[in-house]
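Grab a pencil and keep the structure open beside you. Work through each exercise yourself before you read the solution.

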Amino acid sequence: MTAVKSARRPHHRRRRVPVGPAALFTVAAVAGAAVHLTGAGPGGPFPPLLAAVAVIAVAVIAMAALPAWWARHHRHAPPADTAHPAGGGVPEEERTEGTEGAEGAEGTALWRMRTTVRDAPGSLAALCTALASLGVDILTLQTHPLAEGTVDEFLLRTPASLPARRLTDAVAAAGGRDTWTERADPHDLVDTPTRVLALATRTALDSAELPLALRRLLGRCTVHSRPAVSPAGRPAGDLPPVEGVLEETVMRLRDPSGGELTVERPHLPFTPAEFARARALLELDARLGPRVPRHREVLTLPEGGEITVRRADQRDVAAAKAMQERCSDRTLRQRYHGSSGDAHRYLDHLLSPRFGRSLVAQTESGRLVALGHLLWDGDETELALIVEDSWQRRGIGSELLGRLIGLAREAGCGQVYAVTQSSNTGMVAAMRGLGLPLDYQVEGGVLVVTAQLAGAGAEPGPRPGPRLEEAER
């Protein structure tokens, strides 16, 4: 970010008119003439001394009047040092923080650019010179060494009128190749070490943050998780080595919790530096082990009694299985869209932090009565929810759904979708209660409801139902 120059608006000093000396000489000349005319003084008709005084008085008055006359007849001419035609009519010293921000929003654009240059002295200098000739400001720079050459990654502020094609042509003329450009936003102004430390902190606090941290670390990419054992009980088979595999646009990494993490970025190859950063993040996750935030929230139900909402993980598989055994076949079919006998074998997968985030609602005795999931599905995000039959129609499902939407917002999701049966009026009503724009699609009795989060404004307001009290236990 460039600092705003602190300069005051130039003010023009008023010209000091020497009125005092002019008046003095004039009074002296008039007084001398009056004395001579009354016969009080010697000399001729007008002594030489008085004549000199009168001439000086006239000269001083003329000197005083000339600047005023000049300014009056030339007041529309701009001062020579304040004309800045290249600055859009606003002198640089007059630009305050407000005008700088407005001009930056209208007159400039942010770009992310990568290009490969020769690993030789002067290569980067030639590239920077080419960018400077176009009026481009380099905000950040990263270098990624390769076996042959170096990948330079820039965050640029360019004139808004500068087309991307002209930018890439100038880079190519300066020796850059395989150039890639993408529009950036102000969030990219955070420098790389700060961003990496923030991602490491979030990963250290929550196992479910690892896939999201990889996406934020590596830019626009897709992260797929493959468990070591499928929900059907079959081994995953070919897993990458512990050190991982880098194949240009694909990273294959060994998941510390078992299985494989695959990161794909088809539009831009990964560099060895990015591969090393991803491996370091996985090593941090492996050293810390399973972890979820311990924050709990207590819901007071309208008829009395309390329900606790908290994060869940694979340590809750047994309790979740017991809850599903108490559910009716109809409830299980609405949730899993198939045979109710297959419901239990998905729990270990669903409660894994690699595939999303899960919430449970439990009674004061610790009995689970509801389970909700926010599942990462490539670039999309799925919502899933099940409530034990005897606890339905009490607002518990709506409360879980609202908190899952909050987790989706924190993760930066633009939209979420839920897959259910057309007859599941409870799920449809809960989705409508979110107060978000919804899209509906029905295919063969299966209903897909998509909620739009991006640009939806503030968080949805409170819904009628249980009263919320926060607690730390």
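Contact means heavy atoms within 4.5 Å. Helices (H or I, at least four residues) and strands (E, at least two) are DSSP runs, numbered from the N terminus. You're looking at a predicted model, where local features need pLDDT of at least 70, side-chain atom pairs count only at pLDDT 80 or more, and totals for chains, interfaces and linings use all residues. Residues are numbered from 1 along each chain as its sequence is written, and side-chain values use heavy atoms, with hydrogens and water left out.

**Exercise 1. Get an overview of the protein chain.**

Step 1: Take stock of the secondary structure, which comes to 13 helices and 17 strands.

Step 2: Check burial. Buried means under 20% relative accessible area, exposed over 50%, and partly exposed in between (1.4 Å probe, protein chains only). Of the 473 residues, 38% count as buried.

Step 3: Look at how far apart contacting residues sit in sequence. Among contacts between residues at least 6 apart, 64% join residues at least 24 apart.

**Exercise 2. Which residues of helix 10 are buried, and what do they pack against?**

Step 1: Find helix 10 at residues 329–336; its buried residues are Thr331, Leu332, Gln334, Arg335 and Tyr336.

Step 2: Look around them. Two of the packing partners are helices, helix 9 (317–326) and helix 11 (347–350). The others are strand 12 (368–377), strand 13 (380–387) and strand 14 (415–421).

Step 3: Go just past the helix, where His337 follows with a positive phi, near 60°.

**Exercise 3. Which element gives the most to the largest nonpolar core?**

Step 1: Pin down the term. A nonpolar core is a set of buried Ala, Val, Leu, Ile, Met, Phe, Trp, Tyr and Cys residues joined through side-chain atoms within 4.5 Å.

Step 2: Locate the largest one, with 37 residues; Ile307, Leu374, Leu383, Leu401, Val416 and Met431 have the most contacts inside it.

Step 3: See who contributes. Elements that each supply at least two residues include strand 10 (306–312), strand 11 (356–362), helix 12 (396–410) and helix 13 (425–432). Helix 12 gives the most, with seven residues.

Step 4: Zoom in on Met431. Leaving aside neighbours within four places in sequence, Met431 is in contact with Leu383, Leu401, Ala418, Leu438, Val449 and Ala451. Apart from this core lies another, of 17 residues, among them Ala213, Leu261, Phe270 and Leu281.

**Exercise 4. In what order do the strands of the sheet around strand 3 run?**

Step 1: Use the pairing rule: two strands pair if DSSP finds at least two bridges between them.

Step 2: Start from strand 3 (residues 150–159). On one side, strand 1 (residues 108–117) pairs with strand 3 in the antiparallel sense over 10 bridges, and Met113 stands opposite Phe154. Strand 2 (residues 137–145) is also antiparallel to strand 3, over eight bridges, with Asp137 and Arg157 as bridge partners.

Step 3: Add strand 4 (177–183). Five bridges join strand 4 to strand 1, and they run antiparallel.

Step 4: Read off the order, 2-3-1-4, in an open antiparallel sheet. Strand 2 and strand 4 are the edges, each pairing on one side only.

Step 5: Ask why strand 3 is largely enclosed. Eight of its 10 residues are buried, so the rest of the structure largely encloses strand 3.

Step 6: Inspect the hairpin of strand 2 and strand 3. Four residues lie between the strands, and Gly149 in the turn has a positive phi of about 95°.

**Exercise 5. Which helices lie on the sheet with order 5-8-7-6?**

Step 1: Identify the sheet, four antiparallel strands in open form. The edges are strand 5 (222–226) and strand 6 (245–247).

Step 2: Look inside the sheet. Strand 7 (residues 250–254) and strand 8 (residues 260–264) pair over five bridges, and Arg252 has Thr262 as its bridge partner.

Step 3: Place the helices. Axes are lines fitted to C-alpha atoms, for helices over the stretch in contact, and angles run from 0 to 180 degrees between N-to-C directions. Helix 7 (residues 209–218) lies across strand 5, strand 7 and strand 8, at about 25° to strand 8. Helix 8 (residues 272–288) packs on the sheet too, touching strand 6, strand 7 and strand 8, and makes about 25° with strand 7.
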